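Colleague: I'd like a close look at one part of this model, a helix pair in chain B. Could you walk me through it and then place it in the rest of the chain?

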Amino acid sequence: MAESTRSDAVPTLGLTVPAERVACFFPLLQRGVGVRVRLGIPVGVFLREGLGLSDATIEARIQTVFLDGRPVDDIEEALLCEGSTLALAPAMPGLMGAMLRRGGYYAPMRSGITHRGGTLPQGAGEGEGEGFIIVKLFGAALRELGPALLARGVAVDGGPLASLLESLPEDCRRGLGGRAALEGRERALLRVAVSGETGRGSKGANRPPRAGRRRPGRRRAGFRRRWRGCR
Amino acid sequence: MDKLLRINMSAEGGPAARTVPVGEYAGLGGRALTSAVVSKEVPPLAHPLGEDNRLVIAPGMLSGTIAAMSGRCSVGGKSPLTGGIKESNSGGQASQVLARLGYAAIILEGRPKENDLYKIFISRDGVTITRDNSLRMLGNYALVEKMKAEHGDRIACVSIGPAGEMKMCAASVAFTDMELRPTRHAGRGGLGAVMGSKGVKVIVLDDTGTSNRVPRDVEKFRAANKAFVDGLRRHPVTGEGLPAFGTNILANVINEAGAYPTHNFLWGRFDGTAKISGETEAELEKARGGNPTHGCHRGCVIRCSGIWHDKDGRYLTKQPEYETVWAHGANCGIDDIDAIAMMDRLDDDYGLDTIEMGATIAVAMEAGLVQFGDAKGAINLLHEAGKGTPLGRILGNGAAVTGKAFGIERVPVVKGQALPAYDPRAIQGIGVTYATSPMGADHTAGYAVATNILKVGGYIDPLKPEGQIELSRNLQIATAAIDSTGMCLFIAFAVMDQPDTFQALLDLLNAFYGLAMTGDDVTALGRKVLQWEREFNAKAGFTKEHDRLPEFFRKELLPPHNATFQVPDAEMDRVFDS
């Protein structure tokens, strides 16, 4: 089921898809999607409060973390600012995987690109305290974190979103009446909920979760102003 | 495995096989055995394609047993690509079959007097060597089909494609997998050309009537294997990541790190990575009826490989590996995963190393032969190599030769061998290994076995500048040791993190051979292997000046981190000081 709402600046597309179709949206998550966060918080806080992960889950499942392309060793030291790119993945194979693992024994072998946490770039985190970062998910993190992230709502560039919508299987495309309204837009907010049924598309679908929704005006202002980032 | 099969291809009256006791090589397997034979029997200044070179094919120490992951097969010789000693190993069925037949190694010696091709058939009943020129220029797929028709489907094949026959420096040695397809390759270093120089097109192995090798202590061996498998299955990399997504799960992560070489090592990020990532591959494989979770040999519990179907749902090739997808993908600016899979198939069929050919095509693109991103053009270049056209003869001899032929300065090779899929400017530590490995630029030369578990070289302070040098040395030692066991190197992930899994590996070796080896003994073996290899290379003319990355890695900034390779030469020269 598709739910297309449109404000003056940021259209919102809500989709409900069968569980087995959630993977259709994973290419977006690999490339990165916009996620609204409290600015200035450490990555660890975002994982716990923003994504609802326990410390044990973070320790066991999120062993590879990048902030702005730099491997993070201490997630309590690395701070999120406007436009930050945060990539999350489990432990990765190979010597390279071992080197990139946070706090790993072989971390010195990539010391030249290691993220040095602790300070926000000048001007970051100012204003009302919220903004957008880019979140990327790799490997098992796609399945483990992807559905919840999509349900909460992610900001997506218009081009990739249009390409994705065109490539969706028919049972996901049903009811995409609002798609045309999204074309030509710079960005849109996408919400994807998983249907309680499988393989039957939108029939009987759940509505996208209300949690995390904000008044259009407020979201629009923050989203537009902050998207360009602090780098 | 108490005997060697020596085949003299230049014997009077035609090639002659003799079985001899393993002798001074007793207790060695895999890379330890190939490097021991090459260092002791091959004159260091011998021409790699000459009669004095040897081609050594050696299963691992635990191949042919029920031990999990024990199916790697090492191939060794003097490399026509690097001019130094070479060991390259492969999965597939041959290692298990060869070990069950009782051979610690097959050693091809000499060179046929005439330009003939031979088939070698090995079974419990003996060895038959047949001149068969009808095999000439067959691709590996057609060759294996022919062998299947002649010998049935209970065989395993070790073969070369047209590239090996043409003695190209990028030629691989192919091994058949569980489905009897030639999808696994000892790719690096041009050892397929050495096999071609011996006039051997295919070695057919048939273990009918044989059984698994029996350990000295059966109960301890079984218990150790169970602990070993449990360790592999509970580790997030060997138990989850690799089975679900294969080795190409690394693509997104290395790209994010800015270390994913793109457009012939010009940039560290590729825009099209999400289209060719392991995650995308796995989803496509499932959608097309392929399989993203598949072992390359019986006894594999990690199952990091897969089966790739084309858009019409028909088998095309095995799941392209991380290095292959990078080499033919990002490095050439190509984000079409189906085109990359086709190039993987062509490499396997022609018998070419995917890393070397991807790097070569990128150099050719820099030279303007085709444009970066031109998948069709890249495929055509592979056909040129496979068919042996004049251009193809240049390309099939690798990136270094191609760079010279077309006057390209930016050629990413060390000791003549193309760099794999990690840019050493972003990840300085791996640059040390690329530069100093006796094998030439090799991503597996310094793999991950924890030095704090193996206790190689004592405690290392990772904050010291020289920490990277010591880590690289210790990793190379540990890798040589693992390669010598014949275990798949991917066990390293679990062994690294879980001391009990490393102990289980030691227990497997000890229970099988009735030994009491410790981690120190395994380390000593790794050191010894590296010493043999470096001594051979020194006698072959290699100096410390060969332990260097190409100049452009020190001069050109690599976006996005704008890094250059910074480790001083003097530091690199210290890698093997102790």
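Colleague: In which kind of crossing, left-handed or right-handed, does H13(B) pass H16(B)?

Modeller: Right-handed: that is how H13(B) passes H16(B). Bear in mind that this is a predicted model. Helix H13 of chain B covers residues 354–366 and helix H16 of chain B covers 398–405, and their axes come within 8 Å and cross at roughly 15°. Angles under 35 degrees count as roughly parallel, so H13(B) is roughly parallel to H16(B). In general, two packed helices are described by the angle between their axes and the distance between the axes.

Now the residues themselves. On the H13(B) side you have B:Glu356, B:Ala359, B:Thr360, B:Val363 and B:Ala364, and they meet B:Gly398, B:Ala399, B:Thr402 and B:Gly403 in H16(B). By class, that contact has four nonpolar, four polar and one charged residue.

Stepping back, the domain assignment splits chain B into domain 1 (3–206), domain 2 (248–418) and domain 3 (428–572). The C-alpha centres of domain 2 and domain 3 of chain B are 25 Å apart. Between these two domains, 16 residues of domain 2 of chain B are in contact with 14 residues of domain 3 of chain B. On the domain 2 side, the elements giving two or more residues are strand E16 (413–414) and strand E17 (417–418) of chain B. That side of domain 2 of chain B has eight nonpolar, four polar and four charged residues.

Chain B also touches chain A, with 44 residues of chain B in contact with 34 residues of chain A. Several helices of chain B supply at least two residues each, among them H8 (250–256), H10 (278–287) and H19 (467–485). H7(B) gives the most, with seven residues. The side of chain B that touches chain A divides into 26 nonpolar, 14 polar and four charged residues.

Finally, some backbone oddities to check while you have chain B open. B:Met69, in the loop between strands E3 (55–59) and E4 (73–78) of chain B, has a positive phi of about 65° although it is not a glycine. B:Met69 counts as buried, because it has 29 C-beta neighbours inside 10 Å. B:Leu180 also has a positive phi, about 60°, but B:Leu180 is partly exposed, with 19 other C-beta atoms within 10 Å. There is a cis peptide bond too, joining B:Pro559 and B:Pro560, with omega about 10°. B:Pro560 is in the loop between helices H23 (552–555) and H24 (569–572) of chain B.

Conventions:
Residues numbered from 1 in each chain as written. Chains lettered and ligands numbered in written order. Predicted model: local features only at pLDDT ≥ 70, side-chain atom pairs only at ≥ 80, totals over all residues. Domains from an automatic or database assignment. Contact = placed C-beta atoms within 7 Å. Helix = DSSP H or I, 4+ residues; strand = E, 2+ residues; numbered from the N terminus. Nonpolar A, V, L, I, M, F, W, Y, C, P; charged D, E, K, R; others polar. Axes fitted to C-alpha atoms, helices over the stretch in contact; angles between N-to-C directions. Parallel < 35°, antiparallel > 145°, perpendicular 65-115°, else oblique. Left-handed = near helix turned anticlockwise from the far one by under 90°. Buried ≥ 20, exposed ≤ 12 C-beta atoms within 10 Å, placed from the backbone.
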